[in-house]
Amino acid sequence: KLKNNRMTNVFKQKESVLNNEISECQEDLNKERTNHLDTLKELTAIKFKLREQESSTNSRLQESLLELTTKQILIEELEEKINKLSKYNKNDINDSDDDEEYKNKYKNDDEEMVPKSKVLEMESLFMDAITRLTDRVNQLEENNQKIQENQNNKNNKNNEKIEYNEALSPVTSSPNDDS
């Protein structure tokens with residue numbers, strides 16, 4: 001009977017130790033689940049911000065391209081007028097300012113013409129706008145790349161944690177498996 005009591009005590013001690021280990025493992029598992037859920041929440045927030053940023057970038061790019069196209073059309077029109085004016089100056093201008101035919105012929109064109117200095121100024125502004133837009137697009141692409149790299153790093157760390165935890169977890173057999 002004493003031997004049975006000792007064995008019972010030993011089994012109770014082992015059971016207690018095993019129960020403690022199980023409790024610790026369950027706590028660790030719950031902590032890991034919580035950490036994983038937090039990471040998933042962060043990932044979702046980052047993805048949402050990335051989508052918003054991409055949408056914002058796309059709309060800004062569309063606006064910039066529209067503005068760019070408008071400016072290009074304006075420049076083309078101004079260049080046509082400059083070419084027309086230079087053509088008139090070469091071919092049709094008589095030395096006489098009193099020539100009524102010249103005045104009547106080019107009166108409307110003169111009113112619509114933009115001075116060359118203004119055209120050059122507009123061209124300079126246009127080139128400046130293109131430079132700024134190009135710089136901004138490059139900056140946005142760099143930011144987007146950094147966000148994606150950070151996201152990939154977090155995913156890799158989470159995968160490493162999961163693999164590490166799987167490697168640490170012992171393979172257990174069920175108590176009914178006595179074969």
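# Three helices in a predicted model

In this predicted model, 85% of the protein chain's contacts between residues at least 6 apart in sequence join residues at least 24 apart.

Visitor: How many helices and strands does the protein chain have?

Guide: From the N terminus on, the elements run α-α-α. No strand appears in that order. The count for the protein chain is 3 helices and 0 strands.

Visitor: What share of the residues in the protein chain is buried?

Guide: Buried means under 20% relative accessible area. The protein chain has 179 residues. The buried share of them is 9%.

Visitor: Is Asn158 buried or exposed?

Guide: Asn158 sits in helix α3. Its relative accessibility is 13%. The cut-off for buried is under 20%. Therefore Asn158 counts as buried.

Visitor: What distance separates the C-alpha atoms of Asn158 and His36?

Guide: Along the chain, Asn158 and His36 are 122 residues apart. In space, their C-alpha atoms are separated by 7.6 Å.

Visitor: Which residue forms a salt bridge with Arg132?

Guide: Side chains of opposite charge can pair when their charged atoms come close. A search of the whole structure finds 1 salt bridge. In the bridge of Arg132, the closest N and O atoms are 3.4 Å apart, and the cut-off is within 4 Å. The partner of Arg132 is Asp128.

Visitor: Arg132 and Asp128 are separated by about how much of a helix?

Guide: Both residues lie in helix α3, which covers residues 116-168. They are 4 residues apart there. So the separation is about one helical turn.

Visitor: Is Arg132 buried or exposed?

Guide: Its salt-bridge partner, Asp128, has a relative accessible area of 39% and is partly exposed. For Arg132 the value is 51%. Exposed means over 50%, so Arg132 is exposed.

Visitor: Which residues gather in a patch of negative charge on the surface?

Guide: Asp and Glu count as negative. One member of the patch, Glu27, is in helix α1, residues 2-91. The residues that gather there are Glu21, Glu24, Glu27, Asp28 and Glu32.

Visitor: Why does Glu27 count as partly exposed?

Guide: Buried is under 20% and exposed is over 50%, with partly exposed in between. Glu27 falls in between because its relative accessibility is 48%.

Visitor: What percentage of the accessible surface belongs to carbon and sulfur atoms?

Guide: The accessible surface of the protein chain comes to about 15400 Å². The part belonging to carbon and sulfur atoms is 49%.

Notes: Residues are numbered from 1 along each chain as its sequence is written. This is a predicted model: local features need pLDDT of at least 70, side-chain atom pairs count only at pLDDT 80 or more; totals for chains, interfaces and linings use all residues. Side-chain values use heavy atoms; hydrogens and water are left out. Patches are made of residues with over 30% relative accessible area and no salt bridge: like charges are joined within 9 Å, nonpolar side chains (Val, Leu, Ile, Met, Phe, Trp, Tyr) within 5 Å. Accessible areas come from the Shrake-Rupley method with a 1.4 Å probe; for residues, only the protein chains shown count as cover. A salt bridge is a side-chain nitrogen of Lys or Arg within 4 Å of a carboxyl oxygen of Asp or Glu. The place of a charge is taken as NZ of Lys, CZ of Arg, CG of Asp or CD of Glu. Helices (H or I, at least four residues) and strands (E, at least two) are DSSP runs, numbered from the N terminus. Buried means under 20% relative accessible area, exposed over 50%, partly exposed in between (1.4 Å probe, protein chains only). Contact means heavy atoms within 4.5 Å.
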